Amino acid sequence: ASQGVGRDLLHMVRENKRIFIIGTYFKNKIKLKEKNVKNLKLDVTKNLKLIKIIIKRFSPLRVYYFATQKILFDRHISKEKTKEYDKFFINLPLQILKENKSEKISFFYPSTDFINFDKKSPYSIIKLKAEKKLKKFCNKNKIKFISHRLPAINSRQSISISNQENQNLNEYLLGHKKVLNKMLL
């Protein structure tokens with residue numbers, strides 16, 4: 001929750017002082033100091049045991065999965081980058097779900113409407129595959145799965161000279177109340 005969509009969501013939900021929030025970060029420290037928010041440095045690639053402990057301790061729990069690496073929208077990317085996408089967008093969230101399937105959790109997985117614009121991009125192919133695999137696993141294990149294909153949201157991933165009009169998550173959700181309710185309820 002230190003940047004991009006995760007940061008935007010953290011800043012929205014922190015207003016509800018009745019809920020306890022664990023905001024995680026890896027490289028970019030969360031500078032938010034609120035009584036109902038615990039900031040925790042966590043490397044999702046190495047700290048799956050810590051995630052399991054948190055989920056077990058705070059269940060029932062809503063998990064928002066925003067972990068990512070630099071996204072490339074090109075049609076041709078290296079095999080290394082493709083493996084990295086598989087790891088962050090499919091393997092890690094699936095592993096989190098598998099290790100916590102007996103806990104009372106719901107799982108929010110942000111996807112991208114870029115899938116609708118370029119179905120042949122490796123990023124789109126992997127995100128679509130992730131949506132299907134995660135949804136199938138959650139349905140089979142009776143885990144509430146929430147996913148939404150977000151448009152380009154203002155973040156370091158979407159900054160562009162040609163399109164500086166991207167809205168932040170808050171602006172997007174205020175214009176899409178059904179999505180807001182789906183994400184937060």
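**Helix packing and cores in a predicted model**

Visitor: Is α1 mostly covered or uncovered in this model?
Guide: The structure is a predicted model. In α1, seven of its 10 residues are buried. Helix α1 is therefore, with buried meaning under 20% relative accessible area, mostly covered.

Visitor: Which residues of α1 are buried, and against what do they pack?
Guide: The buried residues of α1 are V5, G6, D8, L9, L10, M12 and V13. Their packing partners include the strands β1 (21-25) and β2 (37-41). The buried residues of α1 also pack against β3, β5, α6 (169-174) and α7.

Visitor: What is the orientation of α1 relative to α7?
Guide: Helix α1 (residues 4-13) and helix α7 (residues 177-184) have axes 13 Å apart. The two helices pack at an angle of about 85 degrees. Angles of 65 to 115 degrees count as perpendicular in this scheme, so α1 is, relative to α7, roughly perpendicular.

Visitor: Which residues make the contact of α1 with α7, and how do they divide by class?
Guide: From α1, the contact uses L9, M12 and V13, and from α7 it uses L180, M183 and L184. By class, this contact has no polar and no charged residues, and its nonpolar residues number six.

Visitor: How are α3 and α5 oriented to each other?
Guide: The axes of α3 and α5 lie 10 Å apart. The angle between these helices is about 10 degrees. Because angles under 35 degrees count as parallel here, α3 and α5 are, to each other, roughly parallel.

Visitor: Which residues of α3 and α5 meet, and into what classes do they divide?
Guide: On the α3 side, the residues are T82, Y85, D86, F89, I90, P93, L94, L97 and K98. On the α5 side, they are Y123, I126, K127, K129, A130, K133, L134, F137 and C138. The residues of this contact divide into one polar, five charged and 12 nonpolar.

Visitor: Is K133 buried, exposed or partly exposed?
Guide: K133 lies in helix α5 and, beyond four places in sequence, touches I90 and L94. K133 and I90 are 43 residues apart in sequence, yet their C-alpha atoms are 7.6 Å apart in space. With a relative accessible area of 40%, K133 is partly exposed.

Visitor: Which element supplies the largest share of the largest nonpolar core?
Guide: Of the 31 residues in this core, V44, Y65, F89, I96, L97, F107 and Y109 touch the most other members. At least two residues come from each of α2 (48-58), α3 (79-99), β4 (105-112) and α5 (122-140). The largest share, eight residues, comes from α3.

Visitor: How many residues form the second core?
Guide: The second core is separate from the largest one. Among its members are I21, L169, Y172 and V179. Its residues number 20.

Visitor: Which residues does Y109 touch?
Guide: Y109 is one of the residues of the largest nonpolar core that touch the most other members. Residues up to four places away in sequence are not counted in its contacts. Y109 touches Y65, F89, P93, K127, A130, L134, F145, I146, S147 and H148.

Visitor: How is the aromatic pair of F114 and Y123 classed?
Guide: A search of the whole structure finds 12 aromatic pairs. For F114 and Y123, which are both buried, the ring centres are 6.3 Å apart. Ring pairs link these two residues with F73, Y85 and F89 into a cluster. The planes of F114 and Y123 are 40 degrees apart, and the pair is tilted.

Visitor: Is N100 buried or exposed?
Guide: N100 is placed in the loop between α3 and β4. Leaving aside neighbours within four places in sequence, N100 is in contact with K52, I55 and I105. Its relative accessibility is 2%, so N100 counts as buried.

Visitor: Is K142 buried or exposed?
Guide: K142 is found in the loop between α5 and β5 (144-150). Although not a glycine, K142 has a positive phi of about 55 degrees. Its relative accessibility is 78%, so K142 counts as exposed.

Visitor: What kind of peptide bond joins S59 and P60?
Guide: P60 lies in the loop between α2 and β3 (61-64). For the bond between S59 and P60, omega is about 0 degrees, and the peptide bond is cis.

How values were computed
Residues numbered from 1 in each chain as written. Predicted model: local features only at pLDDT ≥ 70, side-chain atom pairs only at ≥ 80, totals over all residues. Heavy atoms only, no water. Phe/Tyr/Trp six-rings, centres within 6.5 Å; stacked < 30°, edge-to-face > 60°. Buried < 20%, exposed > 50% of the residue type's maximum accessible area, 1.4 Å probe, protein only. Axes fitted to C-alpha atoms, helices over the stretch in contact; angles between N-to-C directions. Helix = DSSP H or I, 4+ residues; strand = E, 2+ residues; numbered from the N terminus. Parallel < 35°, antiparallel > 145°, perpendicular 65-115°, else oblique. Contact = heavy atoms within 4.5 Å. Nonpolar A, V, L, I, M, F, W, Y, C, P; charged D, E, K, R; others polar. Core = buried A, V, L, I, M, F, W, Y, C linked by side-chain atoms within 4.5 Å.
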